[in-house]
Amino acid sequence: MKKWSVVIILGFAQFVMVLDGTVMNVSISTVVADLSTTVSAMQAAITFYTLTMASVMLLGAKLGDVWGRRRAFVIGSIVYAIGSLMTALSPNFAFLFLGWSIIEGLGAVLVIPAIAALVADNYEGRARITAYATIGAVSGAAVAAGPLIGGFVTTYFSWRYVFVAEVVIMAGVVIFSRFITDKTAPQHVRIDVLSVLLSAAGLVLVVFGMLQSKTWGWVIPLASPEIGGVAIAPLGISLTAWLMVVGGVLIYFFVRRQRYLVREGRPPLVHIEMFSITQLRSGLSVLGAQYAVTAGLFFMVPVYLQMTLGLDALQTGIKIFPLSVSLILFSIVGTALSRVWSPRRIVRVGQLVLVLSAFLLLGSVTPELQSALFATGMFLAGTALGLLASQLGNVNMSSVGEKETSEVGGLQGVFQNLGSSLGTALIGSILIGALTTSFASGVASSALPDEAKASVSQATERGVAIVPAADVEKIATDAGLSSADAKTLQSIYTDSQLSSLGVAFFGLILISLFSLLFSRGIPTEVAGRGRSKEAAR
């Protein structure tokens with residue numbers, strides 16, 4: 001039992017790290033009503049939760065090297081618990097955004113890289129493979145169990161109690177962290193502040209630009225922000241495009257800065273040459289794509305189930321339950337398969353199953369839920385995510401030596417959270433943008449009176465909000481439309497929601513197909529029979 005006590009402690013921490021996003025997703029409609037906010041605001045909060053982690057994860061990994069991995073793990077756990085407590089007590093959206101999206105994210109950037117490195121410190125050989133697979137399975141279980149936990153607690157108690165429980169769990173993790181061995185001595189290295197600022201600012205600008213595309217437009221300006229009544233759209237180009245370009249330039253200079261530091265004999269924030277390791281590059285790319293699809297899926301599905309079909313949080317969690325079962329099951333199956341199948345075969349099977357599941361889910365999005373088709377799609381999505389989770393952690397960590405595990409742990413955290421933030425921002429923006437376009441087209445071609453069309457057009461000129469379809473008739477009546485016109489508008493809005501969900505699901509299919517290109521560098525040898533780390537490079 002003592003042998004596995006470390007992975008149990010680390011597993012609890014990993015479970016909490018992953019749980020947050022799925023709990024918040026399934027509780028969207030309740031949190032929106034409780035804090036008097038909007039779905040778009042919650043999309044921003046979900047995006048910035050993972051973006052905060054992605055933007056400073058490299059710093060967190062480096063601080064783990066400087067402070068010692070166990071110390072960084074403990075400090076991060078305490079900060080995370082403080083953020084969870086603030087979230088539980090949030091009186092408004094701004095307080096929730098600070099506690100959840102920012103403070104919890106800052107705590108996680110210390111915890112997540114430390115988990116990966118501490119596994120390497122405490123296990124070797126086959127036991128290490130099993131430990132990484134266990135952490136991957138725990139992550140999958142958190143993704144799977146989050147909707148059920150969040151749905152049950154939100155429906156019968158309050159979403160706030162989930163975050164109270166997180167405080168208690170992280171307190172236990174801190175208390176029992178003394179059982180974790182930290183073999184790697186703290187390093188006396190100088191952290192380059194300019195590198196931290198370049199990487200963080202670059203990632204934030206790219207993702208924030210993508211997040212705002214639903215309002216500002218991708219290239220052609222739509223509802224641009226204004227200063228003194230003047231729209232901000234330099235040279236007639238949407239601010240979204242400019243933010244993404246500037247972010248890309250900053251990331252380019254970040255890469256240049258890392259190479260300069262290496263030439264000068266100074267420690268970089270990340271060794272860029274590590275991306276020349278084919279196995280690591282492929283593993284990280286597939287990991288990022290996997291988390292993008294997962295985040296997009298867990299944003300869209302609750303929106304469909306709650307806003308279109310009118311289900312509550314618990315009913316939403318139950319509908320997602322097939323994914324929960326298969327994800328846990330196939331995390332275990334994937335670990336067992338690694339004895340006879342190569343990581344590449346397992347990963348590619350997972351990717352192909354993920355594409356198939358997205359097609360099935362697309363087909364199930366109808367005014368009346370196609371329950372059997374939806375359940376099959378969710379089960380296959382969980383199957384795919386379980387197979388991927390069972391392999392990618394070990395693929396990445398086994399591509400380097402022990403001295404580099406902390407840095408690779410940080411890179412894993414970056415790609416996981418960057419993938420999640422991009423998935424939520426991109427798929428959410430596609431969803432809301434398609435809703436706006438479809439709704440405007442539906443209203444224009446409808447039999448509504450011209451006066452009603454003009455009124456609706458004016459009210460939605462800066463975009464269409466995602467609201468429960470069942471509430472549209474009352475909203476329209478309160479705005480002065482007749483009962484007949486309000487019912488017509490409700491029908492148009494429901495059709496627009498379904499149309500936009502179909503477009504967003506198609507986006508997930510494209511991401512899943514594109515990720516197949518990244519898996520070419522995944523090892524083709526069965527564990528224990530393959531190349532050395534030097535050959536993998």
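Guide: A residue counts as exposed when its relative accessible area is over 50%, as buried when that area is under 20%, and as partly exposed in between. The model discussed here is predicted.

Visitor: Why is leucine 235 called exposed?

Guide: Leucine 235 has a relative accessible area of 77%. The cut-off is over 50%, so leucine 235 is exposed. Leucine 235 belongs to the loop between β2 (230-231) and α9, and its phi is positive, about 60°, although the residue is not a glycine.

Visitor: What makes serine 36 exposed?

Guide: Its relative accessible area is 68%; exposure requires over 50%, and serine 36 is therefore exposed. Serine 36 is placed in the loop between α2 (28-34) and α3 (39-67). Serine 36 also has a positive phi, near 55°, in a residue other than glycine.

Visitor: Why does glycine 265 count as exposed?

Guide: With 67% relative accessibility against a threshold of over 50%, glycine 265 counts as exposed. Glycine 265 occupies the loop between α9 (239-263) and α10 (278-308). Its C-alpha atom is separated by 47 Å from that of leucine 431, and the two residues are 166 residues apart along the chain.

Visitor: What makes phenylalanine 330 and phenylalanine 379 an edge-to-face aromatic pair?

Guide: The search of the whole structure finds 14 aromatic pairs. For phenylalanine 330 and phenylalanine 379, the centre-to-centre value is 6.4 Å and the planes are 85° apart. Pairing requires centres within 6.5 Å, and edge-to-face requires planes over 60 degrees apart, so both conditions are met. The pair joins distant parts of the chain, 49 residues apart: phenylalanine 330 is in helix α11 (residues 313-337) and phenylalanine 379 in helix α13 (residues 371-397).

Visitor: Why is phenylalanine 379 called partly exposed?

Guide: Its relative accessibility is 31%. That value lies between 20% and 50%, so phenylalanine 379 counts as partly exposed.

Visitor: How do you know that phenylalanine 439 and tyrosine 493 form an edge-to-face pair?

Guide: Their ring centres are 5.7 Å apart, with 80° between the planes; the limits are within 6.5 Å and over 60 degrees, so the pair qualifies as edge-to-face. Phenylalanine 439 lies in helix α14 (residues 405-444) and tyrosine 493 in helix α17 (residues 483-515), so parts 54 residues apart in sequence are tied together. Both residues are buried.

Visitor: What makes the charged end of arginine 345 sit over the ring of tryptophan 341?

Guide: The charged end is 5.2 Å from the ring centre. The criterion asks for CZ of Arg within 6 Å of the centre and within 35 degrees of the ring normal. The distance fits that limit, and arginine 345 is assigned to sit over the ring.

Visitor: How do you know that the span of helix α8 is close to the expected one?

Guide: Helix α8 (residues 193-216) has 24 residues and reaches 32 Å from its first C-alpha to its last, against 34 Å expected at 1.5 Å a residue. A kink of about 30° in α8 is centred on methionine 210, and glycine 217, just after α8, has a positive phi of about 90°.

Visitor: Which residues have the most contacts inside the largest nonpolar core?

Guide: They are Leu10, Phe73, Ile466 and Leu489, within a core of 125 residues. Helix α5 (residues 93-122) gives the most to this core, with 13 residues. A second, separate core of ten residues includes Phe48, Leu203, Val207 and Met210.

Definitions and conventions. Residues are numbered from 1 along each chain as its sequence is written. This is a predicted model: local features need pLDDT of at least 70, side-chain atom pairs count only at pLDDT 80 or more; totals for chains, interfaces and linings use all residues. Side-chain values use heavy atoms; hydrogens and water are left out. Helices (H or I, at least four residues) and strands (E, at least two) are DSSP runs, numbered from the N terminus. The expected span of a helix is 1.5 Å times one less than its number of residues. The bend at a residue is the angle between axes fitted to the seven residues ending there and the seven starting there. Rings of Phe, Tyr and Trp (its six-membered ring) pair if their centres lie within 6.5 Å; planes under 30 degrees apart count as stacked, over 60 as edge-to-face and the rest as tilted. Buried means under 20% relative accessible area, exposed over 50%, partly exposed in between (1.4 Å probe, protein chains only). A nonpolar core is a set of buried Ala, Val, Leu, Ile, Met, Phe, Trp, Tyr and Cys residues joined through side-chain atoms within 4.5 Å.
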